[in-house]
Amino acid sequence: MSDKISITLNGRAVEVRADATIREAAEAQGIHIPTFCHDDRLKPFASCFLCVVEVEKARGLLPACATRVAPGMVIRTDSEEVNKSRRMALDLLLSDHAGDCIAPCEATCPAGIDIQGYIAHIANGDFDAAVRLIKQRNPLPVVCGRICPHPCESQCRRGLVDEPVAINPLKRFSSEYDLSHGPFVPPPGNATGKRVAIVGGGPAGLSAAHFLRQAGHGVEIFEALPALGGMARYGIPRFRMPWDIMDREIRAILDQGVTVHYNQKLGRDFTLSDLKARGFEAILLAIGAHLAKPMRVPNEHVPGVMGGVDFLRKVVLGEPVETGRRVAVIGGGDTAMDCARVARRLGAEVTLVYRRSQKEMPALPVEQEETHEEGVEFRLLTAPVEVLVADGRANGLRVVTMTLGEPDASGRRRPVPLEGSEEDLPFDLIIAAIGQDPDLSCIEGEAEKPQTTRWQTFVYDEKTQTTSIPGLFTAGDCAFGPDILIRAVGEGRRAALAMDLYLRGAEVKLTKPYAISRGRLQDLEMADFAPRYVHKKRALESTHPATQRLAGDGWAPINVGLDQVRAMAEATRCIECGCTARFDCDLRNYSTHYGATEQRLAGKKRQYLPDNRHPLVRIESDKCITCGSCVRVCAEVRDIHALSFINRGFVTRVGPNFDDPLQETGCDACGMCIDLCPTGTLSNNSGKEAGPWIWDAEETTCTRCSRGCGLRVYVAEGRVVKVSSIDGDPVNGAVICAEGRFSHRRMRQANHNDADAMAGARSLLSGARQPAVVVSARLTVEETYAAARLARQYNAGFYFTSGEAVQQPARPYGKIRGEANIALLTRLGATPWKATTPVDCLVVVNVPVAVEQKARVIAIHSGEPVELAEINLAMSDSLQSEGAFLNRDGALTMLRNGLPDASELNGYAVLAALAGETEMATLTALRRELAAEVAELAPLMALTVGRVIPTGLVPQLAAVAADSRELAFGAFMRELQLPWS
């Protein structure tokens, strides 16, 4: 009987395994079928009904994971009926799924910065990594850190505990730290040959330039003014935004290869048609909003009256401004505050005239307070009705008192003039800071003009930044109207993404990943948050007193940011609202793909507090979709039965038996439940050590016992953030133990070995009469061979630490304790070490010191320094190393380095350096020598792919003692009060 049959899959005839399920047959053809409840380590369950497919002549849709193929079967995996069913299944699951896919601070940030992620980096002391993460969304973090009104903080859940996290000060701290140590300049992408023109060098244009260079496109900025920065330079006084800091940040963008043309104004020096004729294939209009709004009162166009943005720009450009003695500033926004404070620094007496009460002022409260402290008089509930004129110049302002009526469209009470309250006030300069508009006169001469709105902005698609003209995009204040700087930065990035698609000939469509939320801050209850956390005061930036702010010329920076200690302490206040599984959540990914939403079947959701009682495993039951995979892997694969379904019906959830702490249920912390969870309900209880961040993953081998299990190591910014099993791995049923999963939590990372220490170690060995080299039996084959060569070089004894017994695991697939394959060790002449062996100089490699007589000890270790050793040399942990491990089956199981590390710290390189065999410090050279000496290991020289490579070396299993890494992990588990012998 043939082991192959023919079926029709999505309209194509294919041959598949006769015993395959539909899902297996589809996967073999490269067709992915979604599922929550299926895993190769479990029998088909068909509980989630997401994997349904259409089979011709079947009564209804069938689950692909549990239905076997049959000859002639006709299957559709992507029909409209299938997709509709999957979307319905997802809608049902989402209707009772709670949590936040992304933290609410990030969801509120107009640029979508991963705030939770960069705060985690700061808490871990990795400030450079924080800036690299910020710059994935915002290339101007120093500018934003100084002047952003931080809408993100308005939704910070920490505010339900005590006070919001100081998000913006933390951004300022990390970005200014980076600027003083770098700054970070990301390399541009591979050149595409495409050219882009950006009209306007403000925040939107600079942001777009940064991301377009990341995509490899040629970028040229056309700026109308003498310097870049837009309103960040010409609308923000330099005592709030120091120019030298801003210029260094802008330089980091230009250093990526951006060309700038200064004093080039659209409509005066060039047109859009000119740019197209010069070969630019896409154009971004980012001209900002530099046209001051008129007051619409008589005589406002006479000398002595100017717009707020015009006044600030003139001061920046060094143009003469006749302030006289008395200045009136009209308005209550941040620009009005800036104008008033600048006028004070120019020596004037300043009155701020605002038509509403101070409560309705749109300016930030801190800006209002600082402005008032600097001597600006606030004239509230006052509106101008006419500019008074003498000798052809403004000399005063006629005002009227206002009362507040009913709220208007902005939600603020509408000011109403009080009859008979007119009053004349003398002023030498009147500054109207009541808003600004884009100046669209620059496109009047264009043959083909983009559509505009009645608000003098460009008509555009807010999802793609496209205008009515193909190839012409827009971003920033000229698109959405005057708004905060971070929104312009976000639109600049989105424009760059859309332009990249356009330039590559792809459909200009940007998809936002699905994200569920617990709700806005105002919709949540303080009682659900405050009792769970210790109250801590927010760290504050310090602002100099007004007298100091105005001292000298008054242009010095007015405040001091957080220092390193306070920044790290403040970062720990983050309560990490965003889901730890945000970057690999199947529910989120499938919901995005199928357009599912929690709104279609909206209803009351169950709510549970997170279970953090287990120090390594976190349970968030309100994210659970009851697929049952965690319960089944614990029971059917591990035979532990630590998890179960609790309650019945709608309130069914998964949790530890009897709701006991997980560590009291027989759980041995293998974490396989974490690997099979599709939603992040079960996750590593690691806090800010794991971000969460986007990671790179590498498959390697665990060397903690004789099995040689496969590990998938996830790395972000040089840090192991988590370790998981590898579904389908041929060793140990694709299961790993607690030590393989969590030992990285105690991993020590060194950068180099001290040259004096290495020289001293060589000197000790050279002068020894009875040296010995004692190694762990669980080193890589390369480390073992290098240790043997070291022993030969110094005519030393070569030993491994033997043990008394092998302990088989109490449950299936657990760690085998005290066993190693010593076939290579014995071939190289190693014998069991005895503490009574005469020795005067001892080299120990990842083993504890064990001598009964006085000897000088050189310790080579991948953990903590050995206290009794005279000289300590560091070597890489197995997760940082490359090489091969000889497992209990006689196979080579490969180690691949998932972490950046100095090559000289690889264990074999350290041993070769100690032996003086520098030519053996590379993997290739060492393997060549080893394969020549031990013929059965010849496969070492032909390793390309695969993790498990058979050899001809017959296994020789023996009892061995625990090495220093194993002892350290045992101590770690005891510290956590978890069972581990």
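Is Glu570 buried or exposed?

Glu570 is buried, with a relative accessible area of 1%. Here buried means under 20% relative accessible area, exposed over 50%, and partly exposed in between (1.4 Å probe, protein chains only).

The model is predicted: local features need pLDDT of at least 70 and side-chain atom pairs count only at pLDDT 80 or more, while totals for chains, interfaces and linings use all residues. Residues are numbered from 1 along each chain as its sequence is written, and side-chain values use heavy atoms, with hydrogens and water left out.

**Exercise 1. Identify the salt-bridge partner of Glu570 and describe its burial.**

Step 1. The criterion for a salt bridge is a side-chain nitrogen of Lys or Arg within 4 Å of a carboxyl oxygen of Asp or Glu.
Step 2. Glu570 meets Arg573 in such a bridge, at 2.8 Å from N to O.
Step 3. Arg573 is buried, at 1% relative accessibility.

**Exercise 2. Locate the two ends of the salt bridge between Glu541 and Arg172.**

Step 1. The closest N and O atoms of Glu541 and Arg172 are 3.0 Å apart.
Step 2. Glu541 is in the loop between α16 (485-503) and β22 (542-543), whereas Arg172 belongs to helix α7 (residues 167-180), so the pair ties together parts that are 369 residues apart in sequence. Helices (H or I, at least four residues) and strands (E, at least two) are DSSP runs, numbered from the N terminus.
Step 3. Glu541 is partly exposed at 26% relative accessible area, while Arg172 is buried at 4%.

**Exercise 3. Analyse the salt bridge between Glu936 and Arg827.**

Step 1. The closest N and O atoms of this pair are 2.7 Å apart.
Step 2. Because Glu936 lies in the loop between α27 (923-933) and β40 (948-949) and Arg827 in helix α25 (residues 823-827), the bridge ties together parts that are 109 residues apart in sequence.
Step 3. Glu936 is partly exposed, with a relative accessible area of 24%; Arg827 is also partly exposed, with 40%.

**Exercise 4. Determine how many disulfides the structure holds, and examine Cys624 and Cys673.**

Step 1. A disulfide requires a pair of cysteine sulfur atoms within 2.5 Å.
Step 2. The structure holds 0 disulfides.
Step 3. For Cys624, the nearest cysteine sulfur is that of Cys630, 6.2 Å away; Cys624 is buried, with a relative accessible area of 10%.
Step 4. For Cys673, the nearest cysteine sulfur is that of Cys670, at 6.3 Å; Cys673 is buried, with a relative accessible area of 11%.
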